[in-house]
Amino acid sequence: MDEAPDEDLNGSPDEVPAAARDRDPEGRARNARPRDGLGRPLPYGAPGVARQPEGVERSPREALAEAQDLLDRGLPFHAHEVLEDAWKMSPEPERQLWRGLAQLAVGLTHAARGNAKGGAALLLRGAGAIAPYADTVPYDIDVPGLTDWARDLAERLDGPVAAAGNAPRLCTSDAQGPRAAETP
């Protein structure tokens, strides 16, 4: 007699295989759905914005320049991915700085998505993380300007904001200085 799988009262097998998960080449679970410019998942097959590759080693200045370019183009979620790589690869004394910069980018992402509460929380958390670096001016990062920008934006959030129009200047070496905040 052939053995059949055990069945429950509805006639279905006791063990249902788990749904297949998206995996990266190393086998880690990784969502392969396309994303929009603010990092929100789109349906499979929809056109999306190319994601930033993860784990890319960049010099601090390269990371800042790439993140600034992404912020200027209204892609704060993507800027956060660049800053997160810098955070993960930075020496211990700089980790909070890079983590805070990544949080500022995520805060702007949430603000642009219309999540005022979450955006404000992340902007303030990021400002708090970078504030201790104000006297050291690492890599010409405009810590005082960024903390002022984050606090100002967090205070006035009440709906979606334009990501590019509200993006900060990360470094003082850019002659433009911190960008004046705008609404949509």
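**Exercise 1. Contacts and overall make-up**

Task: Among contacts between residues at least 6 apart in sequence, find what share joins residues at least 24 apart, and state which secondary structure elements the chain has.

Solution.
Step 1. In this predicted model, 55% of the contacts between residues at least 6 apart in sequence join residues at least 24 apart.
Step 2. The secondary structure amounts to 5 helices and 0 strands. Read from the N terminus, the order of elements is α-α-α-α-α.
Step 3. The chain has 184 residues, and 42% of them are buried.

**Exercise 2. The nonpolar core**

Task: Determine which helices supply at least two residues each to the largest nonpolar core, and which element gives the largest share.

Solution.
Step 1. The largest nonpolar core has 36 residues, and those touching the most other members are Leu97, Trp98, Leu101, Leu104, Leu123, Ile141 and Leu157.
Step 2. At least two core residues come from each of α1 (60-72), α2 (76-89), α3 (95-113), α4 (116-130) and α5 (143-156).
Step 3. Helix α3 gives the largest share of this core, with 8 residues.
Step 4. Take Leu123 as an example. Leaving aside residues up to four places away in sequence, Leu123 touches Leu104, Gly107, Leu108, Trp149, Ala150, Leu153, Ala154 and Leu157.

**Exercise 3. A cavity and a pocket**

Task: Describe the lining of the largest cavity by residue class, then do so for the largest pocket.

Solution.
Step 1. The structure has 1 cavity of 30 Å³ or more. The largest cavity holds about 40 Å³ of space.
Step 2. Its lining consists of Leu71, Leu83, Leu101, Leu104, Ala105, Leu108, Trp149, Pro168 and Leu170. Sorted by class, this lining has 9 nonpolar, no polar and no charged residues.
Step 3. Helix α3 provides the largest share of the cavity lining, 4 residues.
Step 4. Turn to the largest pocket, with a volume of about 160 Å³. The pocket is lined by Arg51, Glu54, Gly55, Phe77, His80, Glu81, Glu84, Asp85, Lys88 and Met89.
Step 5. By class, the pocket lining has 2 nonpolar, 2 polar and 6 charged residues.

**Exercise 4. Salt bridges**

Task: Count the salt bridges, then work through the pairs Asp36 with Arg40, Asp152 with Arg156, and Asp72 with Arg169.

Solution.
Step 1. Recall that side chains of opposite charge can pair when their charged atoms come close. A salt bridge here needs a side-chain nitrogen of Lys or Arg within 4 Å of a carboxyl oxygen of Asp or Glu. The count is 8 salt bridges.
Step 2. Asp36 and Arg40 form a salt bridge with an N to O distance of 2.7 Å. Asp36 is buried, at 16% relative accessible area, whereas Arg40 is partly exposed, at 35%.
Step 3. In the pair Arg156 and Asp152, the closest N and O atoms are 3.4 Å apart. Both residues lie in helix α5, 4 residues apart, which is about one turn of the helix. Arg156 is partly exposed at 27% relative accessibility, and Asp152 is partly exposed at 37%.
Step 4. Asp72 and Arg169 meet in a salt bridge at 2.9 Å, N to O. Asp72 is in helix α1 and Arg169 in the segment after α5, so this pair ties together parts that are 97 residues apart in sequence. Asp72 is partly exposed, with a relative accessible area of 31%, while Arg169 is buried at 5%.
Step 5. A network of salt bridges links Arg58, Glu66 and Asp85.

**Exercise 5. Positive phi in a loop**

Task: State what is notable about phi of Tyr139 and of Asp140, and say where these residues lie.

Solution.
Step 1. Begin with the general rule: most residues other than glycine have a negative phi.
Step 2. Tyr139 is not glycine, yet its phi is positive, near 55°. Asp140 is another residue other than glycine with a positive phi, near 60°.
Step 3. Tyr139 is in the loop between α4 and α5, and Asp140 is placed in the loop between α4 and α5 as well.
Step 4. Check the accessibility. Partly exposed covers values between 20% and 50%. Tyr139 has a relative accessible area of 23% and so is partly exposed. Asp140, with 28%, is also partly exposed.

Methods: Residues numbered from 1 in each chain as written. Predicted model: local features only at pLDDT ≥ 70, side-chain atom pairs only at ≥ 80, totals over all residues. Heavy atoms only, no water. 1 Å grid on protein atoms, 1.4 Å probe; cavity = no way out; pocket = protein on both sides within 12 Å on 5 of 7 lines; lining within 4 Å. Points joined across faces, edges and corners; volume = space filled by probe spheres on them. Nonpolar A, V, L, I, M, F, W, Y, C, P; charged D, E, K, R; others polar. Core = buried A, V, L, I, M, F, W, Y, C linked by side-chain atoms within 4.5 Å. Buried < 20%, exposed > 50% of the residue type's maximum accessible area, 1.4 Å probe, protein only. Contact = heavy atoms within 4.5 Å.
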